[in-house]
Number of protein chains: 2
Amino acid sequence: MNIYDIAKEASVSIATVSRVLNGSNRVRDITRQKVEAVLNKYNYIPSAIARGMMTNSMKTIGIVTIDIRGLYYANVSYSIEQALSILGYNTILCNTGYDPEQKIRYLQMLAEKKVDSIIMVGSVFKDPRLNKPVEAISKNIPIVIINGFYGYPNTYSIQCDDKTALDKSVDYLVSRGRKNFLYMYDADTFSGNQKLQGFNEAISRHGLKSDVHFIEPGLENASCKVQELINNGLCFDAVLCSEDFTAIGVLQCLQKNKIDVPEQVSVMGFNNSILSLCCTPRLSTIDSMMEQMGKTAVKVLNNVLTGTPVEAAIKVEARLILRQTT
Amino acid sequence: MNIYDIAKEASVSIATVSRVLNGSNRVRDITRQKVEAVLNKYNYIPSAIARGMMTNSMKTIGIVTIDIRGLYYANVSYSIEQALSILGYNTILCNTGYDPEQKIRYLQMLAEKKVDSIIMVGSVFKDPRLNKPVEAISKNIPIVIINGFYGYPNTYSIQCDDKTALDKSVDYLVSRGRKNFLYMYDADTFSGNQKLQGFNEAISRHGLKSDVHFIEPGLENASCKVQELINNGLCFDAVLCSEDFTAIGVLQCLQKNKIDVPEQVSVMGFNNSILSLCCTPRLSTIDSMMEQMGKTAVKVLNNVLTGTPVEAAIKVEARLILRQTT
DNA sequence: CTGTTAGCGCATTCAG
DNA sequence: CTGAATGCGCTAACAG
């Protein structure tokens, strides 16, 4: 069933059917009703594919992320999808994992499907080997990147001010008398580096010493590392982490060692995910404004798509959430 | 840039370009190389839209769920997306929320985009008012439903045996001497009803009494409800929950009331999500086999799409995960 | 306000 | 093995 069938049955031309379908006002009321009657009778569903051939748009955007199972990715992706849905767009979800080949394959698929835009959640294509394909694709498709940055034209960046957030966290903990800081991070991403930089700058501004450790993502990895540090006799009274999940691993290890939190050691996470409410005591953390990031990305995207001028990079402020571990 | 441009530059016909693009073997090697050289030179990207016009498929499936921020939905969706990606399909993600209008809108969009299939994660369209649109769409598009069931032709169901899982949980707790059961659930879904039924049957089989409460989703709601029950003097020594999140709310309330877990009261969650590792003590729970559910759905889907016979309903066994709260 | 016509970029006959 | 011709279902001029 296509518009020819509808047109025939309604005794009009396909152009008129098309006009009715697209809500054009250049149709007489009687004609419109006649067409709509047929449309409803057959429960007609227009083909977005055929429409896409002409308009060169499927009203679809690609959202590219590492792994939607991660709470940060899920939350941001959710708010993107919802905001886009209101604008009439659908969302193709891509979990690239860490394999560069896989990433390129996804980019290719999205390009073939002529998505109107690509939103990257997290610095998915940080690997410099992937610069070429990203730059190439950005020539045809606008790219919005959340917590990342490309210098290319037609790419737009939304960043959470993670650096300042870490800075403020250290300030706060110093004001509460903490002196020996430990920082644990699990991702060498744009965002990850911002956090680390904020931490380091604050530490040196206060003339303090600190210990910084990279660990593989995961609760147990964090726990094990802290245990190792304790066994080695490291003294610390504040632990900052780049993820809530990591912080909870730290917390559990401290509890196992009968170290009181927050009396002896303060612990802070990052993201203000639901995880931070699940542990006891509840985790102090930094709200990385997941919902706002998604909404802002879509706003920027919509401006780009409608030709409204847009800043190349927008910064969103993070917020300290103080609960029971500080 | 389209196949005409490529054809011209390679001095062949568009048919030949098309054959090369689609890996047809009816092309002489020399010709193929000639074409591929041009393809590479311009980094040619074929249009999936135009291809879709002919093949009537965009190699895309829709995955419809309530809210990807939920860990269950995220995990299942992830494994679906990954498995489909290997088969060359992309995934359109739809978070319908709870509004029926919204659900219908998504269905309509997916139909217009001519997705090859729709996978529902959870009984998204349980509301009987939505039966009509689902039945209508299933006439053209196969529907695979995870933890749900439709009787319509061209719909396929993958179910986790939640009922038996709850049954076994009660058995286990009874064997550990528990006698006064509390069950808390937060969703009136297919799966939710299966769980409740399993619970109730086990309770009556053991000739025990129990208290069952529906609460709105959320940590605090669970906590508040338990507090209320405690205040009312209810005696219980085992709490089963339909979600890990709920169970953690219960756990936190018990801890606040200085009730020892698992010494005085056993607590069990459901899903074996990462949340169950974040609380102290770690939550005993039921593994709802999220990854396997997703993979199985895609396997079924692939069979449907390739015309291989398929059972209308497949059941996956859940597993008890015993940790520190039982 | 309505109809006619011409593509969009590709896969697919059918000839050669 | 290769090419010419056709049509998928729709939108967008352009005429009337």
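Q: Among contacts in chain A between residues at least 6 apart in sequence, what percentage join residues at least 24 apart?
A: A word on the ground rules: this is a predicted model, where local features need pLDDT of at least 70 and side-chain atom pairs count only at pLDDT 80 or more, while totals for chains, interfaces and linings use all residues. Residues are numbered from 1 along each chain as its sequence is written, with chains lettered from A and ligands numbered from 1 in the order in which they are written. A contact means that the C-beta atoms of two residues, placed from the backbone, lie within 7 Å. For contacts in chain A between residues at least 6 apart in sequence, the part that joins residues at least 24 apart is 74%.

Q: Why is chain A called more spread out than a compact globule, and what is its radius of gyration?
A: Chain A has 13 helices and 12 strands (DSSP runs numbered from the N terminus: H or I of at least four residues for helices, E of at least two for strands). The globule rule (2.2 Å times the number of residues to the power 0.38, set against a radius of gyration over C-alpha atoms) gives 20 Å for its 326 residues. Its C-alpha trace spans about 85 × 40 × 30 Å along the principal axes. Chain A is more spread out than a compact globule because that 20 Å is well exceeded by its radius of gyration, 25 Å.

Q: Is β3(A) largely enclosed or left open, and how many of its 5 residues are buried?
A: Buried means that 20 or more other C-beta atoms lie within 10 Å of a residue's own, all placed from the backbone. On one face of β3(A), A:Ser117, A:Ile119 and A:Val121 are buried, and on the other A:Ile118 and A:Met120 are too. That makes every residue of the strand, so β3(A) is largely enclosed by the rest of the structure, with a buried count of 5 of the 5.

Q: Which residue in β4(A) is the bridge partner of A:Met120?
A: Strands pair if DSSP finds at least two bridges between them. β3(A) pairs in the parallel sense with β1 (residues 60–65) of chain A over 4 bridges, and A:Ile61 stands opposite A:Ser117 there. β3(A) also pairs in the parallel sense with β4 (residues 143–146) of chain A over 4 bridges. In β4(A), the partner of A:Met120 is A:Ile145.

Q: Which strands stand at the edges of the open sheet β7-β6-β8-β9 in chain A?
A: This open sheet has 4 strands, and the pairing is parallel. Within it, β8 (residues 238–241) and β9(A) are joined by 3 bridges, with A:Leu240 partnered by A:Met268. Two strands have a single partner strand each, so one side of each is left without a neighbour in the sheet: β7 and β9 of chain A.

Q: Which element gives the largest share of the side of chain B that touches chain A?
A: The contact takes 39 residues from each of chain A and chain B. Elements giving two or more residues to chain B's side include α4, β2 and α6 of chain B. The largest share, 6 residues, comes from α5(B).

Q: Which residue of β2(B) is the bridge partner of A:Thr91?
A: Strand β2 (residues 90–95) of chain A pairs with β2(B) across the two chains. They run in the antiparallel sense, over 3 bridges. The partner of A:Thr91 is B:Leu93.

Note on methods: Buried ≥ 20, exposed ≤ 12 C-beta atoms within 10 Å, placed from the backbone.
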